[in-house]
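Colleague: Hi! I'm new to this one, could you walk me through it?

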Amino acid sequence: MLSHKLILDDEEEDYQLLAIHSSLDEFKMAYLLNKHLEINMRRSRLDLDFNHGSVLANYPLYIFKEPVKYRNYFLIKNKYKGPLKKVISSGSLFNEDEGIPQLTFLIPEFKEVDFFLKVEEDFEPEQLQKLINKIAFIPNVITIYAVDANQLKSKNNLILE
């Protein structure tokens, strides 16, 4: 019997992932990134939502597309604190019961990170360091560093479009 085998090549996206530690709210971080990087990031109409089993998490997402340089910026909050959802018996008047808030993470490998900045473009090391230095000078940014997305177990959570 003749069999066919399909080989799918995974084409890796060229993007840089930066981890940002800061106590700022996401809208304030987006504002300061806009100001210091001279971009115009705006809140996406739809948040990034994930079903983490017992918690439905909505991570705020800010986007800026720069068509002239073929560069896209995505600011994603890594932490979500929301109620635990559990289904009650079907004979009940209400379908869901909201319990105590539970903390979930978009990228669980980096629980201490507050934000991820995904920049879709293949940077030279000098360009990347220049971008990191600009962000490091923003007030209330505690630290920033590049993350190797290929080493992440949950890198599929970063597929944003």
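Modeller: Happy to; we can start with the overall layout and then go into some details. Keep in mind that this is a predicted model.

Colleague: Good to know. How many helices and strands are there in the protein?

Modeller: The protein has 2 helices and 10 strands. Along the sequence, they come in the pattern β-α-β-β-β-β-β-β-β-β-α-β.

Colleague: And what share of the residues counts as buried?

Modeller: Of the protein's 161 residues, 41% count as buried. As for contacts between residues at least 6 apart in sequence, 65% of them join residues at least 24 apart.

Colleague: Can you show me one such residue pair in detail?

Modeller: Try Ala19, which sits in strand E1. The C-alpha atoms of Ala19 and Leu117 are separated by 6.6 Å, with their positions 98 residues apart along the chain.

Colleague: Is Ala19 buried or exposed?

Modeller: Ala19 is buried, because its relative accessible area is 0%. Leaving out residues up to four places away in sequence, Ala19 touches Val113, Phe115, Phe116, Thr143, Ile144, Tyr145 and Val147.

Colleague: Let's switch to the helices. How does the end-to-end distance of H2 compare with what it should span?

Modeller: It agrees: the 12 residues of H2 should span 16 Å at 1.5 Å a residue, and the end C-alpha atoms are 16 Å apart. H1 also has 12 residues, and reaches 16 Å from its first C-alpha to its last, close to the 16 Å expected.

Colleague: Which residues of H2 are buried?

Modeller: They are Leu128, Leu131, Ile132 and Ile135. Looking down the axis of H2, these buried residues fall within an arc of 100°, so they line one face of the helix.

Colleague: Why would residues three or four places apart point the same way?

Modeller: Because an α-helix has 3.6 residues a turn.

Colleague: Nice. What do the buried residues of H2 pack against, and which residues are exposed on the other side?

Modeller: The buried residues of H2 pack against strand E1, helix H1, strand E9 and strand E10. On the other side of H2, Glu126 and Lys130 are exposed.

Colleague: And which residues of H1 are buried?

Modeller: For H1 the list is Glu26, Met29, Ala30, Leu32, Leu33, Asn34 and Leu37.

Colleague: What comes right after H1?

Modeller: H1 is followed by Glu38, whose phi is positive, near 55°. Glu38 belongs to the loop between H1 and E2. With a relative accessible area of 73%, Glu38 is exposed.

Colleague: What sign does phi have in most residues other than glycine?

Modeller: Most residues other than glycine have a negative phi. Tyr70 is another residue to look at here: Tyr70 has a positive phi of about 50° although it is not a glycine. Tyr70 lies in the loop between E5 and E6, and is exposed, with a relative accessible area of 72%.

Colleague: New topic: pockets. What volume does the largest one have?

Modeller: The largest pocket has a volume of about 280 Å³. Strand E6 and helix H2 are the elements that give two or more residues to its lining, and H2 gives the most, with 4 residues.

Colleague: Which residues line the largest pocket?

Modeller: The lining is made up of Leu37, Glu38, Ile39, Glu66, Lys69, Arg71, Tyr73, Phe123, Gln127, Lys130, Leu131 and Lys134. These lining residues divide into 5 nonpolar, 1 polar and 6 charged. You'll recognise Glu38 in that list, the residue with the positive phi after H1.

Colleague: One last spot. Where is Leu48 found, and is Leu48 buried or exposed?

Modeller: Leu48 is part of strand E3. Leu48 is buried, with a relative accessible area of 12%. Not counting residues up to four places away in sequence, what Leu48 touches includes Ala57, Tyr59, Leu61, Ile76 and Leu160.

Colleague: And what about the loop before E3?

Modeller: Ser44 lies in that loop, between strand E2 and strand E3. Ser44 is buried, with a relative accessible area of 18%; the cut-off for buried is under 20%. Leaving aside neighbours within four places in sequence, Ser44 is in contact with Leu61, Tyr62 and Ile63.

Colleague: Thanks, that helps me find my way around!

How values were computed:
Residues numbered from 1 in each chain as written. Predicted model: local features only at pLDDT ≥ 70, side-chain atom pairs only at ≥ 80, totals over all residues. Heavy atoms only, no water. 1 Å grid on protein atoms, 1.4 Å probe; cavity = no way out; pocket = protein on both sides within 12 Å on 5 of 7 lines; lining within 4 Å. Points joined across faces, edges and corners; volume = space filled by probe spheres on them. Nonpolar A, V, L, I, M, F, W, Y, C, P; charged D, E, K, R; others polar. Expected span 1.5 Å × (residues − 1). Buried < 20%, exposed > 50% of the residue type's maximum accessible area, 1.4 Å probe, protein only. Arc of directions from axis to C-beta. Contact = heavy atoms within 4.5 Å.
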